Amino acid sequence: MPKLEKVQPSMTAAATPAGRNETTASPYAVARREFGHHENRILVLQGGGALGAYQAGVCEGLEAAGFAPDWVAGTSIGAINAALIAGNPPERRIERLRAFWDRVSASSAIFELPAGMDALRPWMNRIHATSVMSFGVRGFFKPRLMPPALATEGSLAALSYYDTEPLRETLNELVDFDLINSRQIRLSLGAVNVCTGQAKFFDNATDTIDASHVMASGALPPGFPPVQIDGEWYWDGGLMSNTPLLHVAEDLRINALIVQIDLFSGSGDLPRNLEQANERAKDIQYQSKQRFTGEQIRRIEELRALLAEVLEKLPENLRSDPQVRKLAAISQRGPLSLVRLVNRHDTHSADFKDFEFSRATVTDLWKAGQDDIHRVMMNPMGCRVTDLGNGVRSFEN
């Protein structure tokens, strides 16, 4: 069975020869200048099922550009991609990402359309999605032998249609959890407590991470069962917030370049039929929270600027007061650049695009991610640039 073809990177890493100016030697010189020099490099990965192949493509492009994250935060499929990145040395990350996406799309490879029959792609994608619902995804999840209504009440089988233990096997094979827990890279995984309804981030800065934490972040009901960790039960973090941006921005003074890879687009056309309406509703459901967090950041920076102005008006004898000095520290921050990549690629999979794992779709999404980060790195000012105040800028493709 053919494997997922390696898509040629749209960017090639270019070392700067001795004695040459980076502006003329590197195609990324403009991006480096616009995104600035930051103390931290953070990767934020949204949830979105099969659409996560787009993130893998972006990550391959980022690697080619020399971007190496020191913190990766993810939710749902973003948590799986995040674990594959943090749980492997730099030289193996793309290889492991490719191994995962090759595995989950392998079952569909024998049903791909021959060249010249792209008009049938929407129908073929529907067949692939139906196959996923009926038979599951290799190395990810499989259907239960009996429907939940016939299972023992209170059991995991009564709470979900699919068994996700195949994912545990895949994660244990492809992810080095000892490496994750050595904390060479920080890893944060978003989930939600089933009983309290509170958001929870599993973080290797404080927790010992294993496959269960990754699975909990992607346990979307009613398809997947909750995952028990330390006596508590957890579901997919996307139920609360599908994008873990606020978690990485909890430190109000963080100096960072944040690359955020979104799988659902918040903007779109007016639907013309019920299928499009369902797709649009799903986009809004999983993307609207990100728009809210962007507004929160803007308000925080406005308050920070106002606080700095008020403190400047204080007389000198009050500025040495311990409480005033604490406020002064909060009023200042390092630069923050938020590079937001949004998947706007049409996979011809309509409202089932998040569980359509065909080889053709995975390959297209991977290449779309590479192409998008290439355009941003080559011309960052071609993005929609928003100044959020106090040295905080966002770049959106």
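Over which residues does pLDDT stay under 50, and how many contacts beyond four places in sequence does the model have for them? The structure is a predicted model, and the stretch in question is residues 7-24, for which there are 34 contacts beyond four places in sequence. Where pLDDT is low, the predicted coordinates should not be read in detail. For the protein chain as a whole, the average pLDDT is 87, and 88% of the residues score at least 70.

With that caution in place, helix α3 is a suitable element to examine. The helix covers residues 53-64, and because its twelve residues should span 16 Å at 1.5 Å a residue, the distance of 17 Å between its end C-alpha atoms agrees with the expectation. Helix α3 is also mostly covered, since eleven of its twelve residues are buried; the buried residues are A53, Y54, Q55, A56, G57, V58, C59, E60, G61, L62 and A64. The cover over these buried residues includes two helices that follow in the sequence, α4 (77-86) and α5 (93-104), together with α14 (359-378) and the strands β1 (40-45), β9 (256-262) and β10 (336-342). Just after α3, G66 adopts a positive phi of about 90°.

A strand offers another view of a buried position. S394 belongs to β12, which runs over residues 392-396, and S394 counts as buried because its relative accessibility is 14%, where the cut-off is under 20%. When neighbours within four places in sequence are left aside, the residues in contact with S394 are L338, R384, V385 and T386.

Other positions lie on the exposed side of the classification. Q184 sits in the loop that joins α8 (177-181) to β5 (186-193), and Q184 is classed as exposed because its relative accessible area of 61% lies over the cut-off of 50%. Although 97 residues separate Q184 from G87 along the chain, the C-alpha atoms of these two residues are 9.6 Å apart.

W123, a residue of helix α6 (residues 121-135), likewise counts as exposed, because its relative accessibility is 60% and the cut-off is over 50%. Together with M117 and L120, W123 forms a nonpolar patch on the surface, and the accessible area of these residues together is about 330 Å².

Conventions:
Residues numbered from 1 in each chain as written. Predicted model: local features only at pLDDT ≥ 70, side-chain atom pairs only at ≥ 80, totals over all residues. Heavy atoms only, no water. Helix = DSSP H or I, 4+ residues; strand = E, 2+ residues; numbered from the N terminus. Buried < 20%, exposed > 50% of the residue type's maximum accessible area, 1.4 Å probe, protein only. pLDDT = per-residue confidence, 0-100. Contact = heavy atoms within 4.5 Å. Expected span 1.5 Å × (residues − 1). Patch = residues over 30% accessible without salt bridge, like charges linked within 9 Å, V, L, I, M, F, W, Y side chains within 5 Å. Areas by Shrake-Rupley, 256 points an atom, 1.4 Å probe, with all protein chains shown as cover. Salt bridge = Lys/Arg side-chain N within 4 Å of Asp/Glu carboxyl O.
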